[in-house]
Structures are given as structure tokens and as C-alpha cells.
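This report looks at how one strand is set among its neighbours and at how two helices pack against each other. The sequence and structure are shown first.

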Amino acid sequence: MSFNIDKIRKDFPILNQKIYGKPLIYLDNAATTQKPQVVIDKISELYSKKNSNIHRGVHFLSNVATEEYENSRKIIRKFINAKSTNEIIFTKGTTDAINLIVSSFGEKYIKSGDEIIVTEMEHHSNLVPWQMLCERKNAKLKFIPLADNGELKIDELEKLISPKTKLIAFVHISNSLGTINPVKKIIEKAHKYNIPVLIDGAQAIQHKKTDVRELDCDFYVFSGHKMYGPNGVGVLYGKEEWLEKLPPYQYGGEMVKTVSIKKTYFNELPFKFEAGTPNYIDATALGTAIEYIENIGFEQIKKHEHELLKYATEKLTQIKGIKFYGESPDKSSVVSFLLKGIHHYDTGMILDKLGIAVRTGTHCSEPAMKRFNIDGTVRASFAMYNKKEEIDSLFDGLQKVIQMFS
């Protein structure tokens, strides 16, 4: 299908409204994306016609709901090219998936004196859990440093790796800077020393085709709500050989095979890591969101978003006193900046009154902010449904901000 921006925008009902009397210009897609009507309809259909607790039920509704849930797992397996549906674990989101690995992998394999490597650009979700694990285990957390342009200093990685390094965890695309990291290169370097790798793909999965087997990552995590799907659902991909070895993250129903007073035996993959009643409605609708993305086509989405990034960068560069953060030549559709002498919060508040939604603050990435000696930025992040005309409106809005503070 051809890329028709007007048709795509009609698929997202929330965009057809006014904020403070102005047409909504939604440029906060790195925080969460809006949902197409097909996803909204799918959720409504499941609740109104097919709602029933999945697995183990013998009645019609339970069987239908189970089939839809497991079909979504198959869609996701194919989407990221995992080897088996056993490698697709439904979670509450990226944060939950990372905490799962921190608990299961960390408790089993991390001991006093061991080391874990992350980066200075990590979202707190891929930093704080490892930090807490290291405190509990008396282990050490090391950081790949950031260069001035927002790229990782990859050459420093070799110096950080030691015989005590047990895992490397890093973000595929920075949420605060937009930097696309050389994922495959880092994985190859880690595997040279037999070190497993976890990739936070929350900001990548909706922008570029991800092939976990081609990357050869050990774990890859992402959220539904950042890829036009529902909130409260995400995915942990893990190589089957790793997931077989790891203990469960949570205990209860579904993740057990048999239970007696004396002994519990755990269920097979992927159910071993899906304790209790899962969020089967949203997990199923995530499959619908993925089918929507694939119907439009990643190449067309990527091309459109790249054009938006290029246009926004060239347009905003004309603003006197603007400073960009994250200027890697390999970037996703994120522009992070400050206006000279104007606090990012004030900029965001004024833009809001003009109907323009941007994100302000540290973006849950405080170490990256401290690296640049700032307390936050204004972040405009683009999705497939954004238009160049909206960037023009952002430009005009920023000029009004400057006029108000001049």
C-alpha cells in the first residue's frame, strides 16, 4: 500500500480534535504513540464479544480468547523473527521485562564482585533495576560514556570488559537524544567474551525493522504503547536456551505444571514466565497494532520519519539561540533542544497553549542530562502520522516563546 499521510491520520481519531481551540499537534510520540481505530475496535470487540480468562477453559469463549492471545504471540514471533513462540514472553511493558531479567538472571548468575555494563544514555528503566541488583549483590555497575554529539564512545567498551563482566544491557535508540546505537557491533564484541546482551528496544521497535536473530541479542524488550498498541503490555524476547535456564520471575497460577503440598513443578515456556491471569485483551490487540504497522510498511514509515527529522532539524536550526542535544548522524525521529535563557518547562507550557504537545524534563534519563550539564530539554518526537506542516507550527510556536521572553 502507498504511504498516504491524510489516510493514515484519519485512522487515529484522537488527532481530530482541538486543544485550547487549536488543532492538536502531537509531538510526544517517544513517550507514547496514539492508537489507530483498528486497535481501539479490537479492544472493544474482545471485551464485548470474546472476553474470558484464557488457557485451561473448556468452554467456547475461553477457547476463542486463548486462540486470539496465542495468535498474537505468533504475530510477534514473526515480526521480530524469533525462532520460536517459546521465546516470546508477554509482560506489562519494557520496564517489567527488564525487571524480569534483573530478577531471574541477576539472582541466579550475579555474585559479589561481578560486573554489569550499561551506558550513560540509559532510560532509568534500564539503569535503576541493575543499580539495585548491584547494591543487593555487592556487584559493580560500569558505564559506556557519551561523546559530545550524543553517541556512545564504543572504543571504551573494550576497556570496561573484564573476566567479571556478566552482562551488557543498553538501549537500541536513546529516548532523550535519538541516537541509534551500533547494536550489532556491541553484541559481537560482547559475544567474543561470551557475555550475554539485553537490548532495550522501546524506542526502536516502531521505527525500524528488528530481527533478533540477525542481531544475535540474547534478550530484547519493548512496549506495546510506543508502537501504536495498548498500554500495560509489552514483550520480552529471550533466546530459548537462556529462558530454559532462568528461574521464574513471579509465582502463582499458570506458571506451574503441577503443585502438591511438598513440591511445585514449573510450566514449560513461555508460560513459566507468565504468572497469573495475563493482560490477554491488550496482548491480543498488540498483534493488531503490529499488523497495522506491517500493512503500511516499515520502509515507508522509516522514509517518512527520516524526512520529518531532516525537515525539523533544518527548520529549527534557523531559530536564534537554539541548542540541540543528540547530534549523531545516525538518529531516530527525535529532536531534543533548549532555547537560550528559557527553561524547558516554560517552553513546553506555552507550546501547550498553542495545541502543541511536546515532552519537557529529563525524559527519565538523568545521567545523560548531567553529562551535558543541563537539567532537561524540550523533546519533539515524530511518528508516521505527523506532517511537515506540524513542524512549521512548532517553529512558529517557538518563535512566540522567544518573543514572550525577550
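Two strands are said to pair here if DSSP finds at least two bridges between them. The model is a predicted one, and the description below applies that criterion to strand β14, which spans residues 334–339.

**Strand β14 and its partners**

Strand β13 (residues 322–325) pairs with β14 in the antiparallel sense over four bridges, and strand β17 (residues 377–381) likewise pairs with β14 in the antiparallel sense over four bridges. One residue pair from each of these pairings is set out in the table.

| Partner strand | Residue in β14 | Residue opposite or bridged |
|---|---|---|
| β13 (residues 322–325) | Ser336 | Tyr325 |
| β17 (residues 377–381) | Val335 | Ala380 |

Strand β14 is mostly covered, with six of its six residues buried. The side chains divide between two directions, since Val334, Ser336 and Leu338 point one way from β14 while Val335, Phe337 and Leu339 point the other way, and the residues of both sets are buried.

**Helices α2 and α3**

Two packed helices are described by the angle between their axes and the distance between the axes. For helix α2 (residues 37–50) and helix α3 (residues 60–80), the axes come within 11 Å and cross at roughly 160°. Because angles over 145 degrees count as roughly antiparallel, α2 is roughly antiparallel to α3. On the α2 side the contact involves Lys42, Glu45, Leu46, Lys49 and Lys50, which meet Leu61, Val64, Ala65 and Glu68 in α3. Sorted by class, the contact of α2 with α3 comprises four nonpolar, no polar and five charged residues.

Definitions and conventions:
Residues numbered from 1 in each chain as written. Predicted model: local features only at pLDDT ≥ 70, side-chain atom pairs only at ≥ 80, totals over all residues. Heavy atoms only, no water. Buried < 20%, exposed > 50% of the residue type's maximum accessible area, 1.4 Å probe, protein only. Axes fitted to C-alpha atoms, helices over the stretch in contact; angles between N-to-C directions. Parallel < 35°, antiparallel > 145°, perpendicular 65-115°, else oblique. Contact = heavy atoms within 4.5 Å. Nonpolar A, V, L, I, M, F, W, Y, C, P; charged D, E, K, R; others polar.
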